[in-house]
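Subject: Structure for you to look at

Hello,

Here is the structure I said I would pass on. Please open it beside this message and follow along as you read.

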Amino acid sequence: ILWGGDVARMEAHQVARMIHARQFPSFCVLLPASVEEIRVIGALHGQIEAEGAQALLAACMEEMETHRAEIVAQQVQRVEDRYLREQQDREYQEALEMDRRRAEEREAQRRQEEEERRQAEEEQRKAQEEMERQLKLQQELEAKRRSLAAQLQSASGTARLALRLPSGQRVER
């Protein structure tokens with residue numbers, strides 16, 4: 001782009017200050033480094049001849065090629081960085097998913113162990129109740145036997161009865 005301006009006008013004056021032009025006419029080759037920065041990669045001041053301008057442009061072409069290579073390298077680096085971030089994010093999400101699954105498995109195992117413990121306690125409680133019931137029945141049966149034996153001994157005019165069981169055992173009352 002070739003641009004010319006009169007330094008008496010504000011826009012041209014601002015551009016002259018930005019490129020640090022001290023003598024006029026000024027012929028500069030500018031390289032836009034970023035949106036806010038413009039680099040001067042070559043300049044001619046005062047009386048400018050066509051051969052000098054041509055030589056300046058040829059010399060600046062190498063600088064432009066270097067700058068273009070830097071831009072391409074930065075773009076490649078940004079792509080690689082983005083790919084690396086995406087890969088790391090993916091691995092992080094996979095690790096989170098694995099941690100979540102492990103936590104769910106631990107919770108399921110804990111619930112299963114709790115259920116097994118509760119069932120074992122319930123079975124133990126039922127066994128204890130059954131033992132207590134059996135003991136109570138035995139005590140009641142023994143109390144009835146003693147009561148019956150006491151009644152038999154205290155009763156007058158009682159008869160004794162002897163039985164022979166099919167097993168061959170003899171029982172008297």
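Below is what was found in it, taken region by region.

First, the confidence. This is a predicted model, and the mean pLDDT of the chain is 85. Of its residues, 93% reach 70 or more. The elements are not all alike here: confidence is lowest in E2, at a mean of 76, and highest in H2, at 91. Please keep the value for E2 in mind when you read about valine 40, which sits in that strand.

Next, the core. The largest nonpolar core is made of five residues, namely Val29, Leu31, Ile41, Leu56 and Cys60. At least two residues of this core come from strand E1 (26-32), and at least two from helix H2 (50-154). Which residues does leucine 56 touch, once its neighbours within four places in sequence are left aside? The contacts are Phe27, Val29, Gly42, Ala43 and Leu44. Val29 is thus on two lists, as a member of the core and as a contact of leucine 56.

Then, the surface. Met18, Leu30, Ile38 and Val40 make a nonpolar patch there, with an area of about 300 Å². One of these, valine 40, belongs to strand E2, which covers residues 38-45. Is valine 40 buried, partly exposed or exposed? Its relative accessible area is 37%, and buried would need a value under 20% and exposed one over 50%, so valine 40 is partly exposed.

Now the charged residues. Side chains of opposite charge can pair when their charged atoms come close. The count of salt bridges in this model comes to 13. Three of them are described here, and you can find each one in the viewer.

- Glutamate 97 pairs with arginine 101, and their closest N and O atoms are 3.5 Å apart. Both residues are in helix H2, four residues apart, or about one turn of the helix. Glutamate 97 is partly exposed at 28% relative accessible area, and arginine 101 is partly exposed at 47%.
- Arginine 100 pairs with glutamate 104, with 2.3 Å between the closest N and O atoms. These two also lie in helix H2, four residues apart, about one turn of the helix. The relative accessible area is 39% for arginine 100, which is partly exposed, and 43% for glutamate 104, which is partly exposed as well.
- Glutamate 129 pairs with arginine 125, and the closest N and O atoms are 2.4 Å apart. Arginine 125 is partly exposed, with a relative accessible area of 38%, and glutamate 129 is partly exposed at 41%. Why are glutamate 129 and arginine 125 separated by about one helical turn? Because they are four residues apart in helix H2.

Some of these pairs are linked further. Glu97, Arg100, Arg101 and Glu104 are joined into one network by salt bridges that share partners.

Last, a distance to check. Glutamine 54 is found in helix H2, and its relative accessibility of 58% is over 50%, so it counts as exposed. How far apart in space are glutamine 54 and arginine 133, C-alpha to C-alpha? They are 116 Å apart, with their positions 79 residues apart in sequence.

Regards

Terms used:
Residues numbered from 1 in each chain as written. Predicted model: local features only at pLDDT ≥ 70, side-chain atom pairs only at ≥ 80, totals over all residues. Heavy atoms only, no water. Patch = residues over 30% accessible without salt bridge, like charges linked within 9 Å, V, L, I, M, F, W, Y side chains within 5 Å. Areas by Shrake-Rupley, 256 points an atom, 1.4 Å probe, with all protein chains shown as cover. Salt bridge = Lys/Arg side-chain N within 4 Å of Asp/Glu carboxyl O. Buried < 20%, exposed > 50% of the residue type's maximum accessible area, 1.4 Å probe, protein only. Core = buried A, V, L, I, M, F, W, Y, C linked by side-chain atoms within 4.5 Å. Contact = heavy atoms within 4.5 Å. pLDDT = per-residue confidence, 0-100.
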